[in-house]
Structures are given as structure tokens and as C-alpha cells.
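Visitor: Please show me the model, and let me ask how each of its descriptions is justified.

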Amino acid sequence: MPWLKGEALKQQEEILVFKQVLQVPYLYSAGPVVSRFLLALRDEQKLLGIKCPKCRLVFVPPRSTCGKCFSDLSQWVELSGKGTLETFTVVNYPEPIQPAKTPFILGVIKLDGADTGLPHLIGEAEEKDLVMGMRLEPVFQEKRTGHILDIKYFRPVNKDRA
Amino acid sequence: MTQEPKLLEVSSQANYPYNYSAGRLLSFFFRALRDQQKIYGRKCSKCGKVYIPPRPVCGPCFAETNEWVEVGPKGTLECFTVVYFTFLDPMTGKKRPVPYGYGLIKLDRADTRIQHFLSLNDPRKIRVGMRVEAVFNEEREGKLSDIKWFRPVE
């Protein structure tokens, strides 16, 4: 049978296209340390960090072991939630698992009193409003479920608003 | 902290949509399932091996396949399993109700096997080598699932 090409093929044969959606549900235990962090977000609208007793680093989100000196961590510190924008990007390409509709801004926020950057959404601001080093504050969701998105986003600190 | 920490679970649902073209031969194969309730294999021009699902080139001889051959709908069950612990169907995100039968079927006139579900009135009566036949769905969309399952030939 000769191969049919181009227009001849289109006219004579229906070519099928399969539209499929792979669904990948998953569930993981947040563990005692991250659970405590998420519960503080949900119940008290507070951001907690965890401090290394040896090298004094404060981790947000918290972890059970210091990444630098391998000490066990258990000393909780309460943070104001305010912080500084370390870096940011505008996400234009949509992916199914993203937490917001494109375009959105993703930033890394170094909270006051913390030594690590927390990646999160930046809201109430456009790209042109943002500069590295600017001050940010968290905005919490009305309904909180014990999830990192109980913080809706971080927004620029506005002196008029305060 | 003396009190027992409360534990949370984090759940997420990731959906990955994708499209693919079935191409010329597979489209013919699926159209025949949908419109004629017939199963076609593709025959090698050199060694005569009949492939199902169809493929454009014969694996061992690198020759183009050049002929459609109607295969089945009856065939022989070559191996099977009865599934009691199922995984998620990636197309629906749901589990197929257990138990269900799943087997490799060599359709008459075909030289390769297809995997499909087996009707399961009595799991104890399934045997390797038993004769089975395809049962088509009433409503067909041009997919392998247009064959509902294979059932024993009475």
C-alpha cells in the first residue's frame, strides 16, 4: 500500500488524537516539626522558625536537623512574619500544579530573624513595583487549613496601610 | 514541649494533561474498533508476521508492513492474573473495582498478544489456553477500551 501524504491523507483518513489526563493524587505526612509550623499558621496566623543550638541558624520552614552541623533542632522562635525580598520572578508559563494562575510573581522572602529564604507568592504588587531588599508582610487566608498557602501571599509593606 | 505534637497530612492532586496523535495505522485500527467492531492486525511484507496493535515496520526484519488482516475476535488466553489490589487508573484517577481479571490474549491470525480485561464470573474457571472472545461496548469512541473485556467462548 503506497503511503498517503499531505492533503490526500487528510481527506481520506480520520486521524485520531487522544486527549488524556494523567491524575496523580498524593498525600504525605508533614511530620511533627512541619506540622507544628503549619498549625501555627492555621490557628495563630504566626510564622515559626527553628533555631540550631550550635550554629544559631534559624530555619523557615523548620526542619528537624540542622543542614550545616547536623544538630537536632527543637528550639522554636516566633517571627514577626515581616521580611525582605531576596529575589523574585514572574511566572508566565502555566503548569497544572502551580498554586496560582499565570502570570503570577514568585519570590524568596528572608523573614526577620530567619537565616533561610522562604519561597512564596507575592501579591498586591506588579513586577515594576518590586525591588530586591524591599520590605514585605504576609497576608493570611480567611479560611486556613494547615497548609503553606494559609499565607495567601506576601505584599509590600505600605506605611499608609499601617 | 511536653505535649504530644499534632500531626498534619498534606494532600495534593496533580493533573497532567497530554495529547497524542494515534498516527495513521493506529487510527485505522481504532476506527475499525469503533465503526465496525473489528480488530485488524498489520502483516509484515517479508516474514508475514501479523502485529496487533499494528506497527509500520516489522521489528525483526525492518521491512514495512503492508497488509491489513482481520484478527480475532476469538483468541487464546496465554496468561492472566486476578487483581485484588489495584492501582489508580491514570485516566480517571479512580480505582477499578476489584477483583478483576487481566490477561494476555493471542487473537486468532495474530502473532502478537494484547493485554486486556477478562470477564470474571468465576475466577476459578479461568485457565491458561482457554478460548476467549472480545466483547465490545455499546458506545464506542475509538479507543482500546471500546473492547469492554474478553469473555470465555461458550
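Guide: Helices (H or I, at least four residues) and strands (E, at least two) are DSSP runs, numbered from the N terminus. By that rule the elements of chain A run α-β-α-β-β-β-β-β-β-β-β from the N terminus on, and chain A has two helices and nine strands. This is a predicted model, in which local features need pLDDT of at least 70 and side-chain atom pairs count only at pLDDT 80 or more, whereas totals for chains, interfaces and linings use all residues. Residues are numbered from 1 along each chain as its sequence is written, and chains are lettered from A and ligands numbered from 1 in the order in which they are written.

Visitor: What makes β3-β2-β4 of chain A a sheet, and which are its edge strands?

Guide: Two strands pair if DSSP finds at least two bridges between them; β2(A) and β3(A) have two bridges, in the antiparallel sense, and therefore count as paired. The open sheet has three strands in the order β3-β2-β4, with antiparallel pairing, and the edge strands are β3 and β4 (75-79) of chain A, each of which pairs on one side only. Within this arrangement Lys51(A) stands opposite Val58(A) in β3(A).

Visitor: How do you know that β1 of chain A pairs with β1(B)?

Guide: The same test, at least two bridges, applies, and 13 bridges join β1 (residues 17-29) of chain A to β1(B), the two running antiparallel, with Val24(A) opposite Ala14(B).

Visitor: What is in contact across the two chains?

Guide: Contact requires C-beta atoms, placed from the backbone, within 7 Å, and 28 residues of chain B are in contact with 28 residues of chain A. On the side of chain B that touches chain A, β1(B) gives the most, with 13 residues.

Visitor: Why is a set of 28 residues called a nonpolar core?

Guide: The name is used because such a set consists of buried Ala, Val, Leu, Ile, Met, Phe, Trp, Tyr and Cys residues joined through C-beta atoms within 7 Å, where buried means that 20 or more other C-beta atoms lie within 10 Å of the residue's own (exposed is 12 or fewer, partly exposed in between; C-beta atoms are placed from the backbone). The largest such core has 28 residues, and those with the most contacts inside it are Phe37(A), Leu38(A), Val60(A), Ile109(A) and Leu111(A). α2(A) gives the most to this core, with six residues.

Visitor: Which residues does Val60(A) contact, leaving aside its neighbours within four places in sequence?

Guide: Among them are Leu47(A), Leu79(A), Leu111(A) and Leu118(A).
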